[in-house]
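Subject: Structure handover

Hello,

Here is the structure we spoke about, for you to take over. My notes on what was found follow below it.

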Amino acid sequence: MELALETPHLRAVPAEPAPPPAVDASDSDLLVRVADRDRDAFELLYQRYVRSMFGLALRRLRDRQRAEDAVQETFAAVWRSAASYRPERGPAAPWLYAIARNAIVDRFRTQMDTTGEVPEIVAGDPGPADAAESSFVAWRVHRALEELPQREREVVELAYWSGFSQSEVAEYLHIPLGTVKTRTRSALARLADLLEGELT
Amino acid sequence: MTPRFEDLIEGDVTGAERARLEQMHELLVAAGAPPELSPRLESGPTLAMTLSKPHKPFGRRIALLAATVAILAAAFLVGYLAGNRGGGLASARTLTLTGTHAAPSALASLQILPSDTSGNWPMKLAATGLPKLGHKWYYEVFLVRHGKVYAPCGTFIAKGGGRGVNVTLNAPYELEPGDSWIVTRQHWGGHTAGTVVLRPTT
């Protein structure tokens with residue numbers, strides 16, 4: 001940034017700005033660019049992961065405000081630590097999951113320190129291993145949902161989380177029942193492709 | 001109510017493909033609905049997220065330290081010369097701001113006028129290309145010092161649709177060489193700087 005001070009000043013010659021990342025750039029590519037302080041890549045990564053990170057934080061902290069804070073801290077940590085990510089060691093999703101989990105655990109500890117509340121463990125609740133497993137499943141599924149085309153994602157959301165029958169989905173979207181079924185099948189197949197080898 | 005797989009996928013899908021789709025169905029049921037984002041999270045990454053210093057290898061830290069010392073020495077020299085010329089911040093100056101990813105068509109100039117006798121620094125912002133924001137949203141100008149958001153300098157809204165904005169703002173703070181400004185998108189009730197829409201050209 002240059003201020004028009006009427007004084008002599010040193011001026012760094014800015015490097016040629018990198019072109020914005022492609023919308024379909026991989027998460028690994030984006031992280032590598034974030035390590036080089038690429039804000040566009042950071043924004044794209046944010047858009048891809050904010051919902052799944054918020055879901056993860058909300059499951060664990062059970063408080064929207066604290067979950068929001070944990071998400072903010074997570075992305076600050078991603079910005080800070082992106083240079084430590086090594087693409088040759090594996091995909092970006094588990095690395096990001098670890099960053100998010102650490103931020104959430106920190107927030108969880110703060111919550112316990114300030115309130116003195118020990119989380120109540122109810123008989124029948126999943127143990128830590130099961131909880132971690134289900135959290136990771138939800139994390140990856142929610143992230144994969146972001147990859148679906150809008151028309152496929154909406155039939156999934158209406159069918160699974162709005163309680164709509166297939167006929168009701170068709171009526172709601174003003175499309176034939178056969179189209180709803182085709183899109184649902186396509187969505188499930190696409191999810192299977194996206195999650196192949198990670199959860200199955 | 002959880003949908004039944006048999007109601008979603010017809011009987012013509014069989015064998016391994018059916019098993020594969022059913023597994024995804026079970027994962028969706030297990031994952032549950034993704035949460036609704038608050039306006040704060042929906043609005044994108046904040047400047048605060050990108051202000052934290054990156055972790056650098058130790059060797060690079062020493063090089064950075066040496067570079068920092070050199071820059072500080074140069075900054076001191078510039079400040080010393082400015083002070084001795086009697087100009088410095090007393091004279092008007094203009095910054096050019098360009099739109100970020102959040103407002104790629106935006107462009108603005110921010111003219112910092114000489115301070116009044118009370119120490120107010122009036123400034124004139126002329127911006128184009130800022131989109132009209134929704135209900136409960138507005139733009140805010142922030143003073144940035146040493147790479148961090150330092151203080152607010154005023155708020156405004158834009159009509160969008162190619163119409164420009166001309167507003168007069170004020171920085172009631174003692175300004176320093178190196179101070180800069182950004183414009184953010186804010187939601188009512190937000191207490192921190194939101195998504196940056198305009199930042200100084202480098």
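Apart from residues within four places in sequence, A:Leu96 has A:Tyr49 and A:Val78 as its contacts. A:Leu96 belongs to helix α4 of chain A, which covers residues 92–115. The partner A:Tyr49 is 47 residues away along the chain, and the C-alpha atoms of A:Leu96 and A:Tyr49 are 8.9 Å apart. A:Leu96 counts as buried because it has 25 C-beta neighbours inside 10 Å, and the cut-off for that class is 20 or more. Please keep in mind that this is a predicted model.

Chain A

Chain A has eight helices and zero strands, so its elements read α-α-α-α-α-α-α-α from the N terminus on. Of its 200 residues, 34% count as buried. If one takes the contacts in chain A between residues at least 6 apart in sequence, 59% of them join residues at least 24 apart.

One helix pair was examined in detail. Helix α7 (residues 166–173) of chain A packs against helix α8 (residues 177–195) of chain A, with 8 Å between the axes and an angle of about 110 degrees. Angles of 65 to 115 degrees count as roughly perpendicular, and α7(A) and α8(A) are therefore described that way. On the α7(A) side the contact is made by A:Gln166, A:Ser167, A:Val169 and A:Ala170, and on the α8(A) side by A:Leu177, A:Val180 and A:Lys181. Sorted by class, this contact of α7(A) with α8(A) has four nonpolar residues, two polar and one charged.

Chain B

Chain B holds an open sheet of eight strands with antiparallel pairing, in the order β5-β4-β7-β8-β1-β2-β3-β6. Which strands stand at the edges? They are β5 and β6 (165–171) of chain B; each has a single partner strand, so one side of each is left without a neighbour in the sheet. On average, neighbouring strands of this sheet are turned by 30 degrees against each other, direction ignored.

Two of the strand pairs can be described further:

- Strand β4 (residues 137–145) and strand β5 (residues 148–156) of chain B run antiparallel and are joined by seven bridges. B:Tyr139 has B:Phe156 of β5(B) opposite it. The hairpin of β4(B) and β5(B) has two residues between the strands, and B:His146 takes a positive phi near 50 degrees there.
- Strand β7 (residues 180–187) and strand β8 (residues 195–200) of chain B pair over three bridges, in the antiparallel sense. B:Arg185 has B:Thr195 in β8(B) as its bridge partner.

Confidence

For the complex, the predictor gives an ipTM of 0.72 and a pTM of 0.55. The average pLDDT of chain B is 79, and 78% of the residues score at least 70. Among the elements of chain B, helix α2 (residues 15–31) has the highest mean pLDDT, at 92, and helix α4 (residues 58–85) the lowest, at 55. Over residues 79–90 of chain B, pLDDT stays under 50. For that stretch the model has 16 contacts beyond four places in sequence.

Regards

Conventions
Residues numbered from 1 in each chain as written. Chains lettered and ligands numbered in written order. Predicted model: local features only at pLDDT ≥ 70, side-chain atom pairs only at ≥ 80, totals over all residues. Pairing = 2+ DSSP bridges. Helix = DSSP H or I, 4+ residues; strand = E, 2+ residues; numbered from the N terminus. Axes fitted to C-alpha atoms, helices over the stretch in contact; angles between N-to-C directions. Parallel < 35°, antiparallel > 145°, perpendicular 65-115°, else oblique. Contact = placed C-beta atoms within 7 Å. Nonpolar A, V, L, I, M, F, W, Y, C, P; charged D, E, K, R; others polar. Buried ≥ 20, exposed ≤ 12 C-beta atoms within 10 Å, placed from the backbone. pLDDT = per-residue confidence, 0-100.
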